[in-house]
Structure formats: structure tokens, C-alpha cells
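Biologist: Hey, have you got a minute to walk me through this one? I'd like to start with the charged side chains.

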Amino acid sequence: MNGQKKWAELREETLAHPEAREAYEATRIRYELGRAVRERREALGMTQAQLAEAAGLRQPAVARFEAGGTMPTLPLLERFAAALRLRLNVAFEPLDRAG
């Protein structure tokens, strides 16, 4: 492999640093929330503009959120949930079960 490290090795080395691990986790949360909103919106046949109107937002804010570009507040998540006909459920889980 010409002395180059594999991606998995580099990732593990990087995530061994607490600051990097925290940043990775924050990014993962934003991505997963954005993906969940996008998937539900699409399942309902809604456009981003329609979701924005139903949630009292502007379309670019929905696009940024779906792309994982913003860390939402609980009130924002509640607005998305209501607009998507969902109930927001926030929970803690043990780290040994976290994926």
C-alpha cells in the first residue's frame, strides 16, 4: 500500500482525540436529523417549500437543515415534527448501545 494508511486507520486515529470525537458526533447528529426530516418529507410528497411553509420557516432553512448544516434547537425540531405529522421523541441511551 506504499506506506499509506487505510481510511479506517486514519479515522480511528483521528477519533481517538476527544475534540475530534465530539465534532464527529455533532456532525453525525445533524446529518441523521436532516436525513430523517428529508425522508419523511419525501414520504409525504412534500417539497421543501411546502415543509417550510408548514413549519413557519423559509425554504433555504429547510435545505440547510436537511443537508446537516445546522444543529437544531428543540423548538425547531418540534416545528418540524408538527409539520411532518410526527411526535418528537427525545431520549438518552447508554453509550455502549450507541451506533
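Modeller: Sure, one term before we start: a salt bridge is a side-chain nitrogen of Lys or Arg within 4 Å of a carboxyl oxygen of Asp or Glu. Keep in mind that this is a predicted model, where local features need pLDDT of at least 70, side-chain atom pairs count only at pLDDT 80 or more, and totals for chains, interfaces and linings use all residues. Residues are numbered from 1 along each chain as its sequence is written, and side-chain values use heavy atoms, with hydrogens and water left out.

Biologist: Got it. How many salt bridges are there in the whole structure?

Modeller: A search finds six. One of them joins arginine 41 and glutamate 42, with the closest N and O atoms 4.0 Å apart.

Biologist: Where does arginine 41 sit?

Modeller: Arginine 41 is in helix α2, residues 18-43. Helices here are DSSP runs (H or I, at least four residues), numbered from the N terminus.

Biologist: And is arginine 41 buried or exposed?

Modeller: Buried, with a relative accessible area of 8%. The cut-offs are under 20% relative accessible area for buried, over 50% for exposed, and partly exposed in between (1.4 Å probe, protein chains only). Glutamate 42 comes out partly exposed, because its relative accessible area is 47%.

Biologist: Which other glutamate forms a salt bridge with arginine 41?

Modeller: Glutamate 66, and there the closest N and O atoms are 2.6 Å apart. Glutamate 66 lies in helix α4 (residues 59-66) and arginine 41 in α2, so this pair ties together parts that are 25 residues apart in sequence. Salt bridges with shared partners link Arg38, Arg41, Glu42 and Glu66 into one network.

Biologist: What else is arginine 41 in contact with?

Modeller: If you skip the neighbours within four places in sequence, the contacts of arginine 41 include Met46, Thr47, Gln48, Leu51 and Leu84. Contact means heavy atoms within 4.5 Å.

Biologist: Which salt bridge has both its partners in α2, four residues apart?

Modeller: That's arginine 35 with glutamate 39, about one turn of the helix apart. Their side chains meet at 3.9 Å, N to O. Arginine 35 is partly exposed at 31%, and glutamate 39 is partly exposed at 42%.

Biologist: Switching topic: which residues of α3 are buried?

Modeller: In α3 (residues 48-55), they are Gln48, Leu51, Ala52 and Ala55. They cover an arc of only 100° around the axis, which puts them on the same side of α3. The arc is that of the directions from the helix axis to the C-beta atoms. Those buried residues pack against α2, α4 and α5.

Biologist: Which residue that isn't a glycine has a positive phi?

Modeller: Arginine 85 does, at about 55°. Most residues other than glycine have a negative phi. Arginine 85 is in the segment after α5 (74-83), and it counts as exposed because its relative accessible area is 61%.

Biologist: Last one: which helix gives the most to the lining of the largest pocket?

Modeller: That's α2, with nine residues. The lining has 30 residues, and among those nearest the centre are Arg28, Ile29 and Glu32. On a 1 Å grid over the protein atoms alone, a pocket is an open set of points where a 1.4 Å probe fits, with protein on both sides within 12 Å along at least five of seven lines, and lining residues have an atom within 4 Å of a point.

Technical notes: Helix = DSSP H or I, 4+ residues; strand = E, 2+ residues; numbered from the N terminus.
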